[in-house]
Amino acid sequence: MYEKNPLSPHLQIYRWHLSMILSIAHRIIGVVNSIAIVLICLWTISLLFGEENYEIIKILFQSLFGKILVISLSWSFSFHILSEIRHLIWDLGYGFDLKISKITGIITIVGSLALTVLIYLLGKNLI
Amino acid sequence: MHHSTKKWLVVKFSSIILIPLMFWFVVNLVSIYDESYIEIVNFFSTTSSKALYSLFLIAAFSFFSLTISEVFEDYIKNEKTKNVATKMLYVFAIIIPLITISSILSLN
């Protein structure tokens, strides 16, 4: 009986809508962020190997790829922060109305882009 | 308290702690990632950075290990494979932050 239980979230069955896309994106970005945090740990550990050995990482970070990597990471963290706040609001029992759910979904997407810009400006001391 | 309720509470508690720490970390990451080795070591050598970064890692690994175990729960059908994958995930989520925090604490 248990073995025959369908596995969620039945991607092939339901018609796609914003909340569903955001739910799947939340999971995928969560996995991506966890991999990113492991890489950040490795970056931190690499500091123990001294300045000379750090040169390769420094070159990588100072390249265009490094910039794109960090901006992408800022967006994925921003998206996860806002999406998690949305989930916490749901946990408090608010925002289940379809219209409200759609609005908070749009706020999550647009807000993640705005938060990425804010993070970049704050990080670079531009504001 | 039921095991699942306990797990849910830990996920929610770690996410509440993680949100401000994630923001703090990513702002500082943008600030230092392309700096020199000395600048980065100086950043991680301060007591506040050591404390906040350690807290960030503990919250992040608690949160992500529990949420990824939910993904395993949803997508891995074979019980044996699911149990092994979940146990490996938990071991990994203890070892990686432990090594990282130890290395940060040894930076001067």
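Two residues count as in contact here if their C-beta atoms, placed from the backbone, lie within 7 Å. Keep that in mind, because contacts in this sense, with C-beta atoms within 7 Å, are what "covering" and "touching" rest on below. The structure is a predicted model, and it scores ipTM 0.92 and pTM 0.90. For chain B, the mean pLDDT is 94, with 100% of the residues at 70 or more.

Let's start with chain A. It has four helices and zero strands, so to speak an α-α-α-α run when you read from the N terminus on. How does its radius of gyration sit beside that of a compact globule of 127 residues? The globule would come out near 14 Å, but chain A has 19 Å. Along the principal axes, the C-alpha atoms of chain A fill a box of roughly 55 × 45 × 25 Å. Of its 127 residues, 23% count as buried. Now look at the contacts in chain A between residues at least 6 apart in sequence: 73% of them join residues at least 24 apart.

Before leaving chain A, go to the segment after helix 4, where you'll find A:N125. This residue isn't a glycine, yet it has a positive phi of about 55°. Is A:N125 buried or exposed? It is exposed, because just 8 other C-beta atoms lie within 10 Å, and 12 or fewer is the cut-off for that word.

Next, see where the two chains meet. The contact takes 32 residues from chain A and 32 residues from chain B. On the chain A side, the elements giving two or more residues are helix 1, helix 2 (50-62), helix 3 (64-91) and helix 4 (98-123). Sorted by class, that side has 18 nonpolar, eight polar and six charged residues.

Now over to chain B and its helix 3, residues 47-75. This helix has 29 residues, so at 1.5 Å a residue it should span 42 Å, and its end C-alpha atoms are indeed 42 Å apart. Plenty of names turn up on its buried list: B:Y53, B:F56, B:L57, B:A59, B:A60, B:F61, B:S62, B:F63, B:F64, B:S65 and B:I68. What covers these buried residues? The cover includes helix 1 (18-46) of chain A, along with helix 1 (3-32), helix 2 (37-45) and helix 4 (79-105) of chain B. Zoom in on B:F63 for an example: leaving out residues up to four places away in sequence, B:F63 touches B:V11, B:S14, B:S15 and B:L18.

B:F63 also shows up in the largest nonpolar core, which has 30 residues. B:F63 is among those with the most contacts inside this core, together with B:M22, B:V26, B:F56, B:A60 and B:F64. Both chains supply this core: helix 1, helix 3 and helix 4 of chain A, and helix 1, helix 3 and helix 4 of chain B, each give two or more residues. Which helix gives the most? That's helix 3 of chain B, with nine residues.

Finally, follow helix 4 of chain B. Its 27 residues reach 39 Å from the first C-alpha to the last, close to the 39 Å expected at 1.5 Å a residue. The buried residues here are B:A93, B:P97, B:T100 and B:I104. They pack against helix 1 of chain A as well as helix 2 and helix 3 of chain B.

Technical notes:
Residues are numbered from 1 along each chain as its sequence is written. Chains are lettered from A and ligands numbered from 1 in the order in which they are written. This is a predicted model: local features need pLDDT of at least 70, side-chain atom pairs count only at pLDDT 80 or more; totals for chains, interfaces and linings use all residues. The expected span of a helix is 1.5 Å times one less than its number of residues. A residue is buried if 20 or more other C-beta atoms lie within 10 Å of its own, exposed if 12 or fewer, and partly exposed in between; C-beta atoms are placed from the backbone. Ala, Val, Leu, Ile, Met, Phe, Trp, Tyr, Cys and Pro count as nonpolar, Asp, Glu, Lys and Arg as charged, and the others, Gly among them, as polar. A nonpolar core is a set of buried Ala, Val, Leu, Ile, Met, Phe, Trp, Tyr and Cys residues joined through C-beta atoms within 7 Å. The radius of gyration is taken over C-alpha atoms; the globule rule is 2.2 Å times the number of residues to the power 0.38. pLDDT is the predictor's confidence in each residue, from 0 to 100.
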